[in-house]
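Work through the exercises below with the sequence and coordinates at hand. Each task is followed by a solution in steps.

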Amino acid sequence: MESLLIVAAIAASFMGIGISLNLLIKKQPVNHRRVSIRHFIVLIFVYANVMVGFGVLYIALELLGVHVLKESDGLQTDSFLHLVEDVLYFSAVTLLTVGYGDITPQGVGRWIAMIQALIGYLLPAAFVVTTFFHHDERPSKYPERL
């Protein structure tokens, strides 16, 4: 019975997320659409690309012996897959400006994390600005007469 409730809660969670995204993208007046599926997918790909790009930078520095991240019980570099998991997790948490604190940057990693957090902070604003600029640049159906 308990596992059935857990599965129902997970299903309800995914349904809620799906409905929210559907409302964001689809439930807008056709003539005044501000968010398109294309813009939303581009935003997701941009976030993923930045997250993976910074993750690769953190991995490369760790493999070169420049310790840029410190986990509370020590960053696990004995397994490459665990290292990938740790740096991608840290990269996502930093990009999304959550910052749990279980993995912390050190040395030059602090500067890299600051740049990544700034990019993560500015991406939503850039998304909104480009969405409105693209909306305003669409040619009018009825051009003005001179």
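A residue counts as buried under 20% relative accessible area, as exposed over 50%, and as partly exposed in between. The model is predicted.

**Exercise 1. Classify W111 as buried or exposed, and state which surface patch includes W111.**

Step 1. Locate the residue: W111 belongs to helix α4, which covers residues 108-137.
Step 2. Apply the cut-off: the relative accessible area of W111 is 59%, so W111 is exposed.
Step 3. Find the patch: L64, V66, V108, W111 and M114 make a nonpolar surface patch of about 550 Å².

**Exercise 2. Describe the chain as a whole: its elements, its burial and its contacts.**

Step 1. Count the elements: there are four helices and two strands.
Step 2. Order them: from the N terminus the run is α-α-β-α-β-α.
Step 3. Take the burial: of the 146 residues in the chain, 26% are buried.
Step 4. Take the surface: the accessible area is about 10,700 Å², and carbon and sulfur atoms account for 69% of that area.
Step 5. Take the contacts: of those between residues at least 6 apart in sequence, 60% join residues at least 24 apart.

**Exercise 3. Find the aromatic pairs and assign the geometry of each.**

Step 1. Recall the descriptors: a pair of aromatic rings is described by the distance of the centres and the angle of the planes.
Step 2. Set the limits: centres must lie within 6.5 Å, with planes under 30 degrees apart counted as stacked and over 60 as edge-to-face.
Step 3. Count: the chain has two aromatic pairs.
Step 4. Assign Y58 and F90: their ring centres are 5.3 Å apart and their planes stand at 75°, so this pair is edge-to-face.
Step 5. Place Y58 and F90: Y58 is in helix α2 (residues 37-63) and F90 in helix α3 (residues 80-95), so the pair ties together parts 32 residues apart in sequence.
Step 6. Check their burial: Y58 is buried at a relative accessible area of 0%, and F90 is buried at 5%.
Step 7. Assign Y89 and Y100: with 6.4 Å between centres and 10° between planes, this pair is stacked.
Step 8. Place Y89 and Y100: Y89 is in helix α3 and Y100 in the loop between α3 and β2, eleven residues apart.
Step 9. Check their exposure: Y89 is partly exposed at 31% relative accessible area, while Y100 is exposed at 57%.

**Exercise 4. Which residues of α3 are buried, and what does T94 touch?**

Step 1. Check the span: α3 has 16 residues and reaches 22 Å from first to last C-alpha, close to the 22 Å expected at 1.5 Å a residue.
Step 2. List the buried residues of α3: L83, D86, V87, F90, S91, A92, V93, T94 and L95.
Step 3. Take T94 from that list: its relative accessible area is 11%, so T94 is buried.
Step 4. Find its partners: leaving out residues up to four places away in sequence, T94 touches A113, Q116 and A117.

**Exercise 5. What is the phi of T97, and where is T97 placed?**

Step 1. Read the angle: phi of T97 is near 55°, a positive value in a residue other than glycine.
Step 2. Place the residue: T97 comes just after α3, in the loop between α3 and β2.
Step 3. Classify its exposure: at 45% relative accessibility, T97 is partly exposed.

Note on methods:
Residues are numbered from 1 along each chain as its sequence is written. This is a predicted model: local features need pLDDT of at least 70, side-chain atom pairs count only at pLDDT 80 or more; totals for chains, interfaces and linings use all residues. Side-chain values use heavy atoms; hydrogens and water are left out. Buried means under 20% relative accessible area, exposed over 50%, partly exposed in between (1.4 Å probe, protein chains only). Contact means heavy atoms within 4.5 Å. Accessible areas come from the Shrake-Rupley method with a 1.4 Å probe; for residues, only the protein chains shown count as cover. Patches are made of residues with over 30% relative accessible area and no salt bridge: like charges are joined within 9 Å, nonpolar side chains (Val, Leu, Ile, Met, Phe, Trp, Tyr) within 5 Å. A salt bridge is a side-chain nitrogen of Lys or Arg within 4 Å of a carboxyl oxygen of Asp or Glu. Rings of Phe, Tyr and Trp (its six-membered ring) pair if their centres lie within 6.5 Å; planes under 30 degrees apart count as stacked, over 60 as edge-to-face and the rest as tilted. The expected span of a helix is 1.5 Å times one less than its number of residues.
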